[in-house]
Amino acid sequence: MTGAIKYLPARTFVAVVFAVFGFVGLIVWGEYSSWRSQVAGIETGLVQTAKALVQHADDTVDMARFPLAALITRIEQERDVADMPAKITQVMKRQVDTTPWLDALAVLDADGRMVATSSSIDASGVNFSDREYFVFHQSSDMLEPVLGRPLKNKLNGQWILPVTQRISNPDGSFGGVALAAFILTELTSFFQGFSLGSEGSFLLVRRDGVVLARAPFLQTQLGSSISSYDLFTDHLRQRHSGSYHYISPIDGLQRIGGFYQSERSGLVGLAAVSQSEALATWMRGARIRWIACLVLVVITGFLVWRWRRQVMLRRASEALLVAREAEFRLLAEGSADLIQRFNGHGIREYVSPSVREIFGVDAEAMLGTHILENLHEDDHDAVNEVMNRLREGSTRENMVVRRKRADGKQIWLETTLNRLPGGTGGIDIRIVAVTRDVTRQKNLQEELDALANTDELTQLANRRSFNIHFEELVLQAAQQHTPLSILMIDADRFKFFNDTYGHAAGDDCLRAVANVVRNSIRRSKDLAARYGGEEFAVLLPDTNGAGALKAAENIRQRVAALHLPHEKNLPWGHVTISIGTATFYPAAGVKLTTAEVFERADHALYRAKNGGRNQVAAGGDEATRPTTQPEIHPV
């Protein structure tokens, strides 16, 4: 019996060592499984992205068949008509105008001269008989559309992707080529809509290995052949889709690529990411876990050693106290989070060294300070409520507060407070708080909120944000008995503007009108929004009908003063706007919903339109407007 007692600590020590190694082995296996799962997820996503790229390219090429077929049919119908080039030119221009993805259509005769084109650039004297697609159709009887190599447009120098079809004479001889051209940058812009990181790349390749498009754009790669690459010599021979790891011959980066080959057209898409970049987030998390594991193993080893030593020296009770304190200190000082201990008054008794990284001060300087020190004053009440709940018996509380660093910068902190066992309650308690800096997450959330509530084109509030603010301001006006005005603004004959100058110019016009609207309201509580299309809306709290009319007239005059050309907007010949106003007067006892207020402004806008445009019209029942109401307006 004595011998068993003598060797018990050694046997226990060996068992603990084996347990630690087993725990470490489980962690290693878990990390390896996590890494494989991460890589598999990346590979699956890349294959899906490559498939989406190829399907988009297939659809784009397939859609070229329709304008080419219509063009060749018209040529056959008008072959003997004297003004045939002029007629097919009109056909091509209509096709291009109704097909956003199509840059140009053209017809070449049997000698390579351009017979007609939808482009406004003069092509006289330019011969295309040296083009690869022309030579191909000249020597081939194939009547189906053919996707050619990317090339530079002889007329404007842009890189295009040609889809061509042979034109045959009635006797079957070669009569020329019909050409549909896509701007290559439009295709690469679609590629870049997929996020593959700053070092990611996309590749679209023909079944024979000819590179059709690449993002990021690399001119030297266009039209070159990669048929000798592993993708073609190995992977595509085994399957039509999948993933593989390779070293890029372009930049030498270790990449993970997902590929997909269309069974319909044979086009191959490759979406690739930098392996180091794609796994960067996982690696950062893994390093933290590895460090934490190492610290845990070290702490465990230390505690086991202390426990064995104290058992041998028959000082078990003292060893337990030392181990607990050592555990807390090691965990606190090895953690990137800030760990603090407070008494019941909220005074700091312990602060971990990470306070230097988070607060910008030394731990010694924080000892003895109050929990409210340097916190934003708006958060004081919330912190006091948390402390009161802990004093009253709560064991765990969470809070997010703002604090000023030593350098004056404001940061957001997420803190979990745990009440330690013991004490009699009230102020006789101890609290451990774990704090981390969440400023970056808060900023990202605010940026996402701004994106969700902002119109991308005009940078005004979007319709969703407008509707939310409208409801809030109507409720606020009813509670405070103050007037609320709304302006509905519409660009006159804007459809004719787009038809005349194009959608890009239309976007520029809307941005210019939006800038005028934005700069015409100066109070922070006013709101300008793009309601839809060429229509804008402005909310003016604390503004009566006279003030709304004055604000509207000011906006109308400023837009007219821009003198933006609009030849179809007669009699002025430049861009103008029409505005309808409506005012909600809760002080007069009128109860209206947001829909009713909006309807009044909308009806006023229609009256302004029907009254000749380029004017302001007031809406609503003017009898409800207080005659003693002072004129309040934001401009």
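Axes are taken here as lines fitted to C-alpha atoms, for helices over the stretch in contact, and angles run from 0 to 180 degrees between N-to-C directions. In the predicted model, helix α15 (residues 494–501) packs against α16 at an angle of about 135 degrees, and the two axes are 7 Å apart. This angle makes α15 oblique to α16. On the α15 side the contact is formed by F494, F497, N498 and Y501, and on the α16 side by H503, A505, G506, C509 and L510. Divided by class, the residues of this contact comprise six nonpolar and three polar, with no charged residue.

Helix α16 (residues 503–520) also packs against helix α17 (residues 545–562), here at an angle of about 140 degrees with the axes 10 Å apart. Because angles over 145 degrees count as roughly antiparallel and those of 65 to 115 degrees as roughly perpendicular, α16 is classed as oblique to α17. The crossing of α16 past α17 is right-handed. In α16 the contacting residues are A512, V513, V516, V517, N519 and S520, which meet N554, I555, R558, V559 and L562 in α17. The contact of α16 with α17 contains seven nonpolar residues, three polar residues and one charged residue.

Both helices of the latter pair lie across strands of an open five-stranded sheet, whose order is β18-β19-β17-β20-β21 and whose pairing is mixed. The edges of this sheet are occupied by β18 (527–532) and β21 (616–618); each has a single partner strand, so one side of each is left without a neighbour in the sheet. From one strand to the next, the twist averages 20 degrees. The edge strand β18 runs antiparallel to strand β19 (residues 535–541), to which five bridges join it. Within this pairing, F536 in β19 is the bridge partner of R530. Helix α16 lies across β17 (484–491), β18, β19 and β20 (577–584), and its direction is at about 10 degrees to β19. Helix α17 lies across β17, β19, β20 and β21, and runs at about 165 degrees to β20.

A further open sheet of five strands has the order β8-β7-β11-β10-β9, and its pairing is antiparallel. Its edge strands are β8 (211–215) and β9 (241–247), each of which has a single partner strand, so one side of each is left without a neighbour in the sheet. With direction ignored, neighbouring strands of this sheet are turned by 20 degrees against each other on average. Seven bridges connect β9 and strand β10 (residues 254–261) in the antiparallel sense. In this pairing, Y244 stands opposite G257 in β10.

Aromatic pairs were searched for over the whole structure, and ten were found. One of them joins F134 and F174, whose ring centres are 5.4 Å apart and whose planes are at 85 degrees; the pair is therefore edge-to-face, since planes over 60 degrees apart are placed in that class. F134 belongs to helix α4 (residues 132–139) and F174 to strand β6 (residues 174–183), so this pair ties together parts that are 40 residues apart in sequence.

Definitions and conventions
Residues numbered from 1 in each chain as written. Predicted model: local features only at pLDDT ≥ 70, side-chain atom pairs only at ≥ 80, totals over all residues. Heavy atoms only, no water. Helix = DSSP H or I, 4+ residues; strand = E, 2+ residues; numbered from the N terminus. Parallel < 35°, antiparallel > 145°, perpendicular 65-115°, else oblique. Left-handed = near helix turned anticlockwise from the far one by under 90°. Contact = heavy atoms within 4.5 Å. Nonpolar A, V, L, I, M, F, W, Y, C, P; charged D, E, K, R; others polar. Pairing = 2+ DSSP bridges. Phe/Tyr/Trp six-rings, centres within 6.5 Å; stacked < 30°, edge-to-face > 60°.
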